[in-house]
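Hello,

Here is the structure I promised to pass on to you. Please have a look at it first, and then read on for my notes.

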Amino acid sequence: PSPQAFINAFSSIKNDEIGLYISLSSMLSGTYQTAMMVKEQNNYDNIYIIDSKLASIGQKELVNKALELINNNLEINQIVNELELFKTKIKLIATLDSLKYLARGGRISPIVASIGNLLDIKPLLRASSEAKIESFCKVRGKKKAILKLVETVKENIIDPENQTVYIAHCDDLIEANSLKDLLLKFIPNIKNISIHQYDLCSGGHVGPSALAIFYYGKSRLEK
């Protein structure tokens, strides 16, 4: 959004009201910086802005948590503090079917991508504490990659019986359902698993048949 869009939104909030804006990760977009600039230049002291350090389903879950806290009648400072902690425990792990989309995004060279695809290497990615997407493991073959995703969730998930785990896929519902079945086999007490297709923007960066899991787990700040 443009600075004027933020001015229009923030100025619509009355002086005796409180506004809370949860932005897309500042590592992926300039919207957080723009919102902060508008707040500071116009002295919108009743507007609170949080850098989600998340995107897609992860950002949605942070918004859902904010609504829960608001409905519990917490003070705004308590809400902000709770959200700052909660966002570090929303975890993302993913695997890609092809390395060429990492090459297109400049994360690896085209040569490395070509060799990796020939060897059927599947990278496993995660969101770091600074919301950077980083590779934490490489395996050969899609089955091993999916198994590693599930094992990683099992090691890091917190309170599975009280949360919804989200699976995002890029036009591969069959593999997404297989991943869901495997998660339930390894972690049978998960309360709910919800499957979604990636939006066009995110999907264009990861490519067809990519799979991702969003869940609540150990803090991303932990080493």
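**The opening unit and the overall picture**

E1, H2 and E2 together form a β-α-β unit, and its hand is right-handed. Please keep in mind as you browse that this is a predicted model. The two strands of the unit, E1 and E2, run in the parallel sense and are paired over five bridges. If you would like one residue pair to look for there, take isoleucine 22, whose bridge partner in E2 is isoleucine 50.

For the chain as a whole, there are nine helices and eight strands. It has 223 residues, and 45% of them are buried. If you take the contacts between residues at least 6 apart in sequence, 72% of these join residues at least 24 apart. The accessible surface adds up to about 12200 Å², with 52% of it belonging to carbon and sulfur atoms.

**Threonine 31, in the helix of that unit**

Threonine 31 sits in helix H2, which covers residues 31–41. Is threonine 31 buried or exposed? Its relative accessible area is 12%, so it counts as buried, the cut-off being under 20%. Leaving aside residues up to four places away in sequence, threonine 31 touches Pro1, Phe6, Tyr21, Ser23 and Leu24.

**Helix H4 and its buried face**

Helix H4 spans residues 76–86, and its residues Ile76, Ile79, Val80, Leu83 and Phe86 are buried. Viewed down the axis of H4, these buried residues fall within an arc of 130°, so they line one face of the helix. What do the buried residues of H4 pack against? Their partners are strands E1 (19–23), E2 (47–51), E3 (90–95) and E8 (211–216), along with helix H3 (56–71).

**Salt bridges**

How many salt bridges does the structure hold? There are two. As a reminder, side chains of opposite charge can pair when their charged atoms come close.

One of the salt bridges joins glutamate 68 to lysine 65, and the closest N and O atoms are 3.3 Å apart. Both residues, glutamate 68 and lysine 65, lie in helix H3, three residues apart, which is about one turn of the helix. Glutamate 68 has a relative accessible area of 40% and is partly exposed, whereas lysine 65, at 17%, is buried.

In the other, the side chains of lysine 87 and glutamate 84 meet at 2.8 Å, N to O. Lysine 87 counts as buried, with 8% relative accessibility, while glutamate 84 counts as partly exposed at 32%.

**Two backbone angles to look at**

You may want to check a couple of phi values. Serine 56 has a positive phi of about 55°, although it is not a glycine. This serine 56 is found in helix H3 and is partly exposed, its relative accessible area being 29%.

Aspartate 159 is likewise a residue other than glycine with a positive phi, in this case near 55°. Aspartate 159 is found in the loop between helix H7 (142–156) and strand E6 (164–169). With a relative accessible area of 35%, aspartate 159 is partly exposed.

**Contacts across the sequence**

The loop between H7 and E6 is also the place of asparagine 162. At 53% relative accessibility, asparagine 162 counts as exposed, since the cut-off is over 50%. Where does the chain bring in a residue from further along the sequence? Isoleucine 190 is 28 residues from asparagine 162 in sequence, yet their C-alpha atoms are 7.3 Å apart in space.

Leucine 182 offers another case to look at. Leucine 182 belongs to helix H8, residues 173–186. Its relative accessible area is 21%, so leucine 182 is partly exposed, given that buried means under 20%. Setting aside residues up to four places away in sequence, leucine 182 touches Ile146, Leu147 and Val150. For leucine 182 and isoleucine 146, the separation is 36 residues in sequence and 8.6 Å in space, C-alpha to C-alpha.

Do write back if you would like to talk any of this through.

Best wishes

Definitions and conventions. Residues numbered from 1 in each chain as written. Predicted model: local features only at pLDDT ≥ 70, side-chain atom pairs only at ≥ 80, totals over all residues. Heavy atoms only, no water. Helix = DSSP H or I, 4+ residues; strand = E, 2+ residues; numbered from the N terminus. Buried < 20%, exposed > 50% of the residue type's maximum accessible area, 1.4 Å probe, protein only. Contact = heavy atoms within 4.5 Å. Arc of directions from axis to C-beta. Salt bridge = Lys/Arg side-chain N within 4 Å of Asp/Glu carboxyl O. Pairing = 2+ DSSP bridges. Right-handed = clockwise from strand over helix to strand, strands pointing away. Areas by Shrake-Rupley, 256 points an atom, 1.4 Å probe, with all protein chains shown as cover.
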